[in-house]
Amino acid sequence: MLPFAWGNEDTQQLIDILEKDDITATFFVVGEWVDKYPESVKALSDAGHEVMNHSSTHPHMTELSADQMIAEVQDCNKKIEAVTGVCPTLFRPPYGDYNDTVVSTMRSIGMYTIQWDVDSLDWKDPPACDIVSRVVNNAQNGSIILFHNAATNTPEALPDVIKGLKEKGFTFQPVSKLIYKDNFTMDHTGRQIPSTVSAS
């Protein structure tokens, strides 16, 4: 999962790295980024990646009313769909700032709220080797790993992250194929927990 809210200078490089290993990723983009870099949004979509919603202006969603939340997300959806032809169904709250109201408000408009469980911390610009170690050592089955565009060392780290995870037996899926869409709860870390079905 890569949220796109900054520059676009490494977009093609990230696409090329993922293509080399035949990986489909999910890119969460801000509406304002779509306005600035529609060609990059189209390049992501044309390369087969999921382009999903990261809000229109990158606010703290828990500070907004339900109507404001919906406006933020629907505005971004319209911008993405205008470029890609596909309306997003996934929403990643800026700053990881969400609560039950955010989740239920998004569900009311057919959107699934996404959180991650492994943060590469690439936005802090640690050395590439630190990014690799952090991600490879912390990934579990079903993990959603957070990277960012325009982070200094992400393009250098990503090939070794992919190699390290493959060596541990992991495969890669876009977020839409990882999540439960029904019959689940979400714990305080953002991890989905399937609801138990009692025998009749």
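Helices α6 and α7 cross in a right-handed sense in this predicted model. Helix α6 covers residues 128-138 and helix α7 covers residues 154-167. Their axes come within 8 Å and cross at roughly 35 degrees. If you would like to find the contact surface on screen, colour A128, I131, V132, V135 and V136 in α6. Those residues meet T154, E156, A157, D160, V161, G164 and L165 in α7.

Now let us move to the strands. Strand β2 spans residues 26-29, and its side chains point two ways: T26 and F28 to one side, F27 and V29 to the other. Are these residues buried or exposed? All of them are buried, whichever way they point. Strand β2 runs parallel to β3, and 4 bridges join the two. One place to look for this pairing is T26, whose bridge partner in β3 is E50.

Just before β3 (50-53) comes H49, in the loop that follows α3 (38-46). Although H49 sits in a loop, this residue is buried, with a relative accessible area of 6%. What does the side chain of H49 reach? It extends to the backbone nitrogen of A25, at 3.0 Å. Setting aside neighbours within four places in sequence, H49 is in contact with L18, I23, T24, A25, F27 and L44. Two of these names link to other parts of the picture: F27 belongs to strand β2, and L44 lies in helix α3.

L44 deserves a stop of its own. With a relative accessibility of 0%, L44 counts as buried. L44 and T26 are 18 residues apart along the sequence, while their C-alpha atoms are 9.3 Å apart in space. So you can follow H49 to L44 by direct contact, and then use T26 to return to the bridge with E50 in β3.

Finally, a word on the cysteines. A disulfide is a covalent bond between the sulfur atoms of two cysteines. How many disulfides does the model have? The count comes to 0. To see why, take C76: the closest cysteine sulfur belongs to C87 and is 9.7 Å away, which is too far for a bond, given a cut-off of 2.5 Å between the sulfur atoms. The view from C87 is the matching one, with C76 holding the closest cysteine sulfur at 9.7 Å. The surroundings of the two can be compared as well: C76 is buried at 0% relative accessibility, whereas C87 is partly exposed, with a relative accessible area of 37%.

Technical notes. Residues numbered from 1 in each chain as written. Predicted model: local features only at pLDDT ≥ 70, side-chain atom pairs only at ≥ 80, totals over all residues. Heavy atoms only, no water. Buried < 20%, exposed > 50% of the residue type's maximum accessible area, 1.4 Å probe, protein only. Polar contact = N/O pair within 3.5 Å; in protein donor to acceptor, adjacent residues only side chain to side chain. Contact = heavy atoms within 4.5 Å. Pairing = 2+ DSSP bridges. Axes fitted to C-alpha atoms, helices over the stretch in contact; angles between N-to-C directions. Left-handed = near helix turned anticlockwise from the far one by under 90°.
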